[in-house]
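Colleague: I should be grateful for a close look at a single part of this model. Please choose one that can be followed from its own chain to its surroundings, and explain it in connected steps.

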Amino acid sequence: MTDITKDAIAPPRSFLSQDAIQLFYRLLAALLICAVLAVLSDSFLSLGNILNVLRQASLTFFIASGLTLVVLTAGLDLSVGANVALSACIAGTVIHKTGSPALGILTGLACGGIVGLLNGIMVTALRIPSFIATYGMLWVLNGLTYWYMAGETLHGFPAGFRQIGSGYLFGLPIPVYLLLVFLGIGTLFAQRTIWGQEIYAIGANPVAARLSGIPVARRLLLVYAVSGTMAGLASIIFLSRLNSAEADIGESLTLPAIAAVLIGGTSLFGGVGTVFGTFIGALILTLVLNGMNLLSVSANWQPLVTGIIVILAVWLDMKTRRRAQ
Amino acid sequence: MREAAVISQPNPLQRIPGVAMVLVLLIALFSAIAPGFLSVANLSNVLVQSTILTMLALPMTLIIMTEGLDLSMGAVLTLTSLCVAIVSLATKSMLLGLGAGLLVGAAFGIANGWLVAILGIPPFVATLGTLGMAQGLSLIVSDGQSVVGIPHSVRDIYSATLLGVPVPIVMALVTYAAFHGLLYHTRFGTYIFALGGNREALRYAGLSPNRLLIAVYAIGGAMAGIAGLLMTARMNSGHPTAGLGLEFDAIAAVAVGGTSFERGNGWLLGTVLGVIAVGVLRNGLNLISLPSSVQVASVGVLVIVALFLDGLRSRA
């Protein structure tokens with residue numbers, strides 16, 4: 001019985017190979033960007049820079065991986081950046097007050113998760129369209145964070161805690177290991193579990209999903225809570241790497257995370273995309289921004305370029321899908 | 001039959017209670033707890049400060065009526081405000097500054113409309129992309145610095161009066177009259193109702209929904225250009241982050257004002273009352289010395305509550 005349900009939910013084979021081709025193109029694009037940057041800049045291929053790119057990409061990936069699940073259900077979470085800021089500030093306070101990094105990490109994850117859960121409740125129980133509900137949440141969180149911090153900066157955390165964001169293990173930054181772990185968990189969850197497949201089904205056709213007995217509201221709650229918790233995780237990495245927390249750290253995080261998801265081939269209309277694609281998306285975006293940095297383009301250009309990339313990615317996605325149909 | 005009902009003017013009796021009640025409640029609340037709230041000086045201050053928001057919220061109403069959204073409005077306003085400042089500083093001419101702001105604003109509006117109508121990108125993502133672009137351009141043209149020393153002709157716009165009425169309020173009234181005429185008394189207005197309610201009907205009538213949609217977004221961009229002039233005049237400078245987030249206040253005003261996000265129903269007077277409600281909320285919280293961060297958060301809560309009620313009404 002379960003096997004039949006699984007077969008009915010799983011996407012047809014041809015779709016999977018289509019996804020594989022799309023992923024291959026994206027890997028190719030990433031390599032091409034690497035080649036161009038290696039020619040243009042002497043310092044691109046240095047070990048320090050490559051590790052830096054990986055570390056930066058892993059930060060974007062943590063936020064974007066949870067967001068991928070939301071986008072797979074044809075939703076959007078615009079509050080992730082503001083969620084990172086609030087979680088980081090609260091986790092930082094807890095570490096300062098109690099001196100216990102473990103307690104701080106738990107609080108950060110919990111704070112992110114609760115915000116995500118609230119987003120899920122707005123989308124499911126109150127039936128507010130996700131982009132508007134999470135956009136409202138963005139401003140609520142922004143307001144709360146600025147009010148809570150009142151212009152202060154938290155600074156200076158225990159050395160052990162700082163290792164999470166800035167330490168190395170066997171020559172690789174620790175965030176890169178975390179990236180591999182969550183890339184594995186995310187991929188397994190989305191591709192190899194019933195819940196993951198149900199998430200694809202909800203995005204592909206919510207009515208059919210409900211009629212085939214999938215508890216749509218509960219899965220949506222889960223998806224938004226996961227997105228929030230991943231923002232909480234990102235806040236911990238941020239806190240430990242910057243060794244400080246300010247109210248405005250989240251403002252430039254949402255657009256890159258959305259860009260990574262879309263470059264990675266996850267469709268805004270739901271049901272299509274992979275967590276691995278999002279990893280490639282985060283890598284491509286980081287490579288572009290890193291390249292601009294190496295070629296001494298002012299950081300002022302970053303929002304402009306990220307905005308153009310978001311629009312290009314959606315447009316390309318829609319074009320390839322139209323052709324495939 | 002349902003289509004005909006959507007295109008006709010909305011029944012105001014159904015809506016007046018919602019937004020008017022919010023406004024009356026807020027005014028009663030702050031009269032009681034905020035000293036000095038009910039003074040003439042303060043109330044006229046609320047109105048003058050609401051003018052920039054009015055100029056964004058009215059076109060936002062039209063855009064939301066087409067089942068669209070413009071998240072880039074605040075960033076475009078920031079950019080046009082900078083353009084007004086830079087051009088009027090260079091040429092000493094207020095009109096050239098306004099022209100530059102209008103041009104840049106309309107260009108962004110047309111780009112938004114093109115992305116949404118022709119490329120078919122969902123509005124909230126298309127305008128999120130252009131938000132990034134406008135924000136980036138603001139940083140690039142200003143190099144992250146304030147533009148100061150703008151000419152008096154620009155600054156005076158905000159403080160001058162016409163027959164005893166502050167010029168910004170005159171501009172807001174003229175804008176409202178123009179939008180009211182456009183939406184309720186022209187064919188274009190009827191088409192806007194149809195863009196949200198029944199796009200197919202437009203196609204059968206031989207009209208191009210795409211061109212109409214681009215026009216609606218272009219109006220939004222151009223209005224951000226005019227609001228940019230007021231913004232620069234009010235701050236007496238151009239600042240690369242001045243208007244960021246203002247699109248949210250505009251969306252809040254539209255939502256509180258009773259325009260629906262899903263059915264192509266819009267009500268301009270409701271939006272104006274919504275703008276005043278947002279203005280009263282911010283002003284009142286300010287008077288009882290709550291920081292602007294709390295104001296931002298409470299506007300967020302206001303939107304979520306308004307949308308929740310809208311959802312209840314649509315199911316009822």
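**From a membrane segment to a shared core**

Modeller: In this predicted model, residues 212-231 of chain B are 100% helix and 0% strand, and the end C-alpha atoms of that span are 28 Å apart. The span also appears in a UniProt record: an unreviewed entry lists residues 212-231 of chain B under "transmembrane region", along with other stretches, including 16-34 and 294-312. Residues 294-312 of chain B are likewise 100% helix and 0% strand, with end C-alpha atoms 27 Å apart.

Let us next consider the packing. The largest nonpolar core has 203 residues, and the members that touch the most others are A:Ile63, A:Val310 and B:Leu56. Helix H12 of chain B, residues 209-235, gives the largest share of this core, 15 residues. One of the three best-connected members, B:Leu56, shows how distant parts of the sequence meet. Apart from neighbours within four places in sequence, B:Leu56 is in contact with B:Met223, B:Ala224 and B:Ala227, among others. Its further contacts include B:Met73, B:Leu77, B:Leu246, B:Glu247 and B:Ala250.

The other chain can now be brought in. Chain A contains 14 helices and four strands. Its radius of gyration is 20 Å, close to the 20 Å that the globule rule gives for 325 residues, so chain A is as compact as a globular protein of that length. Buried residues amount to 51% of the 325 residues in chain A. Of the contacts in chain A with a separation of 6 or more, 80% join residues 24 or more positions apart.

Where the two chains touch, 33 residues of chain A and 35 residues of chain B take part. On the side of chain A, two or more residues come from each of helix H6 (130-149), helix H12 (254-263) and helix H14 (302-324). The largest share, twelve residues, belongs to H6(A). The residues on this side divide into 25 nonpolar, seven polar and one charged.

H6(A) therefore merits a final look of its own. At 1.5 Å a residue, its 20 residues should span 28 Å, and its end C-alpha atoms are indeed 28 Å apart, which agrees. H6(A) is mostly covered, with 18 of its 20 residues buried. After this helix comes A:Ala150, which has a positive phi, near 45°.

How values were computed: Residues are numbered from 1 along each chain as its sequence is written. Chains are lettered from A and ligands numbered from 1 in the order in which they are written. This is a predicted model: local features need pLDDT of at least 70, side-chain atom pairs count only at pLDDT 80 or more; totals for chains, interfaces and linings use all residues. The radius of gyration is taken over C-alpha atoms; the globule rule is 2.2 Å times the number of residues to the power 0.38. A residue is buried if 20 or more other C-beta atoms lie within 10 Å of its own, exposed if 12 or fewer, and partly exposed in between; C-beta atoms are placed from the backbone. Two residues are in contact if their C-beta atoms, placed from the backbone, lie within 7 Å. Ala, Val, Leu, Ile, Met, Phe, Trp, Tyr, Cys and Pro count as nonpolar, Asp, Glu, Lys and Arg as charged, and the others, Gly among them, as polar. UniProt positions are given in the numbering used here, feature names are shortened, and annotations may be inferred rather than shown by experiment. A nonpolar core is a set of buried Ala, Val, Leu, Ile, Met, Phe, Trp, Tyr and Cys residues joined through C-beta atoms within 7 Å. The expected span of a helix is 1.5 Å times one less than its number of residues.
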